[in-house]
Amino acid sequence: MTLVDLQLSNSLIFCILIPFLFFKFKKTRNNNALLSSGKIPKSYPIIGSYFSILVNQEQRVQWISDIILSTPKLTFTLIRPLNLHSIFTANPSNVQHILKTNFSLYQKKSNSVLADFLRNGIFNANGDIWKYQRKVASHEFNTRSLRKFVETVVDTELSERLIPILANAAAEENVLDLQDILQRFAFDNICKIAFGYDPGYLLPNLPEAEFAVAFEDCVRLSSERFALPCPIIWKMKRALNIGSEKKLQIAVQQVREFAKRIVREKQRELNDKSSLHSADLLSRFLSTGNSDEDFVTDIVISFILAGRDTTSAALTWFFWLISKNPEVEFEILKEIGENANDSVVLYDEVKSMMYTHASLCESIRFYPPVPMDSKVAAKDDVLPDGTFVRKGTRVTYHPYAMGRSEEIWGKDWAEFKPERWLNKDQVTGNWTFVNKDAYSYPVFQAGPRICLGKEMAFLQMKRVVAGVLQRYKVVPVAKKGVEPLFISYLTAKMKGGFPVTVEERM
């Protein structure tokens with residue numbers, strides 16, 4: 001038996017034995033106590049905190065958040081099976097150290113859980129590959145032509161698809177899954193912006209678009225790797241091409257084949273000089289001389305991931321929070337009325353909607369679209385709070401926990417309070433937005449990797465908020481006091497969707 005065979009055999013025994021032990025353990029422990037205790041979980045030889053990790057798989061974001069917030073330094077080390085250490089932090093000094101001060105030391109792991117899906121795309125790349133993509137993307141995101149193109153795409157999708165669907169639901173008193181509707185809206189938008197391709201995912205019959213379904217499978221199955229107690233489990237399944245890993249490879253192949261087909265078509269158009277003025281990101285990247293099919297595909301898939309999930313997740317939780325806080329909704333409606341031009345709020349008008357902007361920031365504080373993000377230390381290091389980081393250790397900063405930290409936000413952190421982001425002019429009564437420190441509020445990352453599309457995302461979200469709330473009141477179907485369950489794939493979602501009714505404003 002070779003060393004590799006021996007290691008695989010031992011790994012299989014480990015993976016078979018541990019679930020068996022877990023079920024015996026489960027009978028003697030209160031599962032809810034593990035989630036609510038907020039204490040660093042007990043670690044055992046070889047298996048580490050396997051039991052606690054397994055029990056809290058579905059609510060791992062909240063579980064880890066509770067533990068972080070119970071520690072004096074807002075940092076703790078989770079010991080996984082086989083003595084793998086993972087460090088979690090909500091300490092702003094540590095976040096700045098990771099994302100800026102020692103940026104070159106903390107990188108994306110080359111064989112990370114997202115590598116099969118994102119390959120060398122900007123969100124998974126390091127070094128020169130990342131720098132090149134960042135430079136090209138930064139230039140394009142700062143062009144007026146791209147901003148204008150995004151405005152046109154969003155306004156068209158809003159007026160021709162989203163609003164008619166809401167109007168029909170209001171007229172027929174139907175229940176809608178608003179989370180699904182917003183995901184479809186965002187997917188159509190980002191595909192048009194990234195590819196110049198319209199998947200028609202938000203057509204009135206709400207079709208099951210093949211590309212959208214495969215993309216969702218890639219996101220869900222890739223993110224499930226994060227939740228596993230030990231990475232060797234998914235790596236073995238991948239090597240054997242079984243179970244969820246087999247499904248992931250099929251979904252990835254479908255997404256990449258579709259994306260490459262679009263890339264080839266776009267390249268032919270550009271070669272024929274019939275689309276030299278195309279405004280989508282793909283045309284822009286190809287026009288700069290990037291003809292490597294795999295490279296361009298990696299870039300575009302990363303941008304679709306960013307545009308598809310983040311804005312829809314943020315808007316889903318925003319509409320739920322607004323429904324719970326009618327005084328905030330009143331102020332937003334007042335602001336919409338003050339900025340409406342011929343009863344319609346346009347892109348130029350939403351830029352000045354400071355209270356709406358603050359309300360979105362406050363919503364994202366509670367429910368960040370990306371609740372956790374990880375880097376891997378390239379060599380030994382010490383964080384500002386004194387935590388030792390060994391080379392190869394995964395270090396995760398936790399925006400979800402940071403949004404609930406009394407040390408960062410004060411004793412009223414649990415209140416939904418847009419005013420914490422604003423100053424009011426005592427003479428004019430106008431609001432002025434006050435930015436927070438990016439390392440205390442890293443929902444858009446910070447430092448060299450800060451989100452390029454941040455301002456564009458806010459404009460899109462404010463346009464949707466104004467367009468929807470101006471016409472309709474969104475009413476959750478769930479009973480009053482029942483809170484949706486926050487779950488996270490690569491981005492935040494509501495478990496089971498967000499069923500609502502829509503009432504037309506008089």
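1. Let's start with a charged pair: Asp-280 and Lys-266 join their side chains in a salt bridge, with 3.3 Å from N to O. The two residues sit 14 apart, so to speak bridging distant parts of the chain: Lys-266 belongs to helix H12, while Asp-280 lies in the loop between helix H12 (243-271) and helix H13 (281-287). Please keep in mind that this is a predicted model.

2. Are the partners in that pair buried or exposed? Asp-280 is buried, at 3% relative accessibility, and Lys-266 is buried too, at 8%. Both values fall under 20%, and therefore both residues count as buried.

3. Another pair worth a look is Arg-308 with Glu-216, a salt bridge whose closest N and O atoms are 2.0 Å apart. Arg-308 is in helix H14 (residues 293-324) and Glu-216 in helix H10 (residues 210-227), so this salt bridge ties together parts that lie 92 residues apart in sequence. Arg-308 is buried, its relative accessible area being 5%.

4. For a contrast in setting, turn to Lys-411 and Glu-406. Their salt bridge has its closest N and O atoms 3.4 Å apart. Lys-411 is exposed, with a relative accessible area of 74%, whereas Glu-406 is partly exposed at 42%.

5. How many salt bridges does the structure hold? The count is 32. Some residues are linked in a network of salt bridges, namely Glu-157, Arg-161, Asp-188, Lys-192 and Asp-198. As background, side chains of opposite charge can pair when their charged atoms come close.

6. Now to the helices. Helix H15 (residues 326-339) and helix H17 (residues 354-366) have axes that come within 8 Å and cross at roughly 145 degrees. On the H15 side, the residues in contact are Val-328, Glu-331, Ile-332 and Glu-335; on the H17 side they are Met-354, Tyr-355, Thr-356 and Ser-359. By type, this contact is made up of 4 nonpolar, 2 polar and 2 charged residues.

7. Last, the sheet. It is open and built from 5 strands in the order S1-S2-S8-S5-S3, with mixed pairing. Which strands form the edges? They are strand S1 (75-80) and strand S3 (106-107), each of which pairs on one side only.

8. At the S3 edge, the partner is strand S5 (residues 373-377): the two strands pair in the antiparallel sense over 2 bridges. If you would like a residue to find by eye, Gln-107 stands opposite Val-376 in S5.

Conventions. Residues are numbered from 1 along each chain as its sequence is written. This is a predicted model: local features need pLDDT of at least 70, side-chain atom pairs count only at pLDDT 80 or more; totals for chains, interfaces and linings use all residues. Side-chain values use heavy atoms; hydrogens and water are left out. Two strands pair if DSSP finds at least two bridges between them. Helices (H or I, at least four residues) and strands (E, at least two) are DSSP runs, numbered from the N terminus. Axes are lines fitted to C-alpha atoms, for helices over the stretch in contact, and angles run from 0 to 180 degrees between N-to-C directions. Contact means heavy atoms within 4.5 Å. Ala, Val, Leu, Ile, Met, Phe, Trp, Tyr, Cys and Pro count as nonpolar, Asp, Glu, Lys and Arg as charged, and the others, Gly among them, as polar. A salt bridge is a side-chain nitrogen of Lys or Arg within 4 Å of a carboxyl oxygen of Asp or Glu. Buried means under 20% relative accessible area, exposed over 50%, partly exposed in between (1.4 Å probe, protein chains only).
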